[in-house]
Each structure stands twice: as structure tokens, then as C-alpha cells.
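Good morning, colleagues. Please take a moment with the sequence and the model before I begin.

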Amino acid sequence: MARFDEVKNLVMSLEGDFEKFYEKNNQAAGTRVRKGMQDLKTLAQNIRSEVQDTKNKAEKA
């Protein structure tokens, strides 16, 4: 569940920048949103790999 908490925390940390970008057209906030979404993508890929490894180990046992 720690990994899920990481995802939630990352998404919630971007909330203010999303508001600034979409509601106030703050371009710097848009850059931060893009970076945060890239971090989210990387985190998601790492979690996918961990889940697949755990699944494969369970199948071999």
C-alpha cells in the first residue's frame, strides 16, 4: 500500500499547479504539471514492473 500512497501523494501535490494552469493560465504551473505527470508515468511503470515480478515469482513457486 506504500506505493499506492506514493501515487496519491504525487497526484495531490499537483492539484495547486493544475488549478493555476487551467484557471489562471499560469504557464510556469503548466511546466510543473508536465513534470509531475512525467514523474507519475515513471512511478506507474515502476509499480507495473514490481507487480509483474511478484506475479511471476508466485507462479514459479
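I shall go from the overall architecture to one helix pair, and then to three individual residues.

Please bear in mind throughout that this is a predicted model. The secondary structure of the protein chain amounts to 3 helices and 0 strands, and the order along the sequence reads α-α-α. How does the radius of gyration of the protein chain stand against the globule rule? The radius of gyration is 16 Å, and for 61 residues the globule rule gives 10 Å; the value is well over that, so the chain is more spread out than a compact globule. Along the principal axes, the C-alpha atoms occupy a box of roughly 55 × 15 × 10 Å. As for burial, 16% of the 61 residues count as buried.

Let me turn to the pairing of H1 with H3. Helix H1 covers residues 2-13 and helix H3 covers residues 27-60; their axes come within 10 Å and cross at roughly 170°. An angle over 145 degrees counts as roughly antiparallel, and H1 and H3 are therefore roughly antiparallel to each other. Which residues meet across this pair? From H1 there are Arg-3, Glu-6, Val-7, Leu-10 and Val-11, and they meet Gly-36, Asp-39, Leu-40, Leu-43, Asn-46, Ile-47 and Glu-50 of H3. By character, the residues of this contact divide into 6 nonpolar, 2 polar and 4 charged.

Asp-5 also lies in helix H1. With a relative accessible area of 34%, Asp-5 is partly exposed, because that value falls between the 20% limit for buried and the 50% limit for exposed. Between the C-alpha atoms of Asp-5 and Lys-41 the separation is 15 Å, and the two residues are 36 residues apart along the chain.

The next residue is Asp-17. Asp-17 belongs to helix H2, which spans residues 15-24. Is Asp-17 buried or exposed? Its relative accessibility is 13%, and Asp-17 therefore counts as buried, the cut-off for buried being under 20%. What does the side chain of Asp-17 contact? There is a polar contact, at 2.9 Å, between the side chain of Asp-17 and the side chain of Arg-32. If neighbours within four places in sequence are left aside, Asp-17 is in contact with Ala-29, Arg-32 and Val-33. The C-alpha atoms of Asp-17 and Ala-29 are separated by 4.9 Å, with the two residues 12 residues apart along the chain.

Finally, I come to Asn-25, in the loop between H2 and H3. Asn-25 is not a glycine, although its phi is positive, at about 55°. Its relative accessibility is 57%, so Asn-25 counts as exposed; the cut-off for exposed is over 50%.

To close, I would return to two points: H1 and H3 are roughly antiparallel to each other, and the side chains of Asp-17 and Arg-32 make a polar contact. Thank you for your attention.

Methods: Residues are numbered from 1 along each chain as its sequence is written. This is a predicted model: local features need pLDDT of at least 70, side-chain atom pairs count only at pLDDT 80 or more; totals for chains, interfaces and linings use all residues. Side-chain values use heavy atoms; hydrogens and water are left out. Helices (H or I, at least four residues) and strands (E, at least two) are DSSP runs, numbered from the N terminus. Buried means under 20% relative accessible area, exposed over 50%, partly exposed in between (1.4 Å probe, protein chains only). A polar contact is a pair of N or O atoms within 3.5 Å; within protein, one must be able to donate a hydrogen and the other to accept it, and residues adjacent in sequence count only if both atoms are side-chain atoms. Contact means heavy atoms within 4.5 Å. Axes are lines fitted to C-alpha atoms, for helices over the stretch in contact, and angles run from 0 to 180 degrees between N-to-C directions. Angles under 35 degrees count as roughly parallel, over 145 as roughly antiparallel, 65 to 115 as roughly perpendicular and the rest as oblique. Ala, Val, Leu, Ile, Met, Phe, Trp, Tyr, Cys and Pro count as nonpolar, Asp, Glu, Lys and Arg as charged, and the others, Gly among them, as polar. The radius of gyration is taken over C-alpha atoms; the globule rule is 2.2 Å times the number of residues to the power 0.38.
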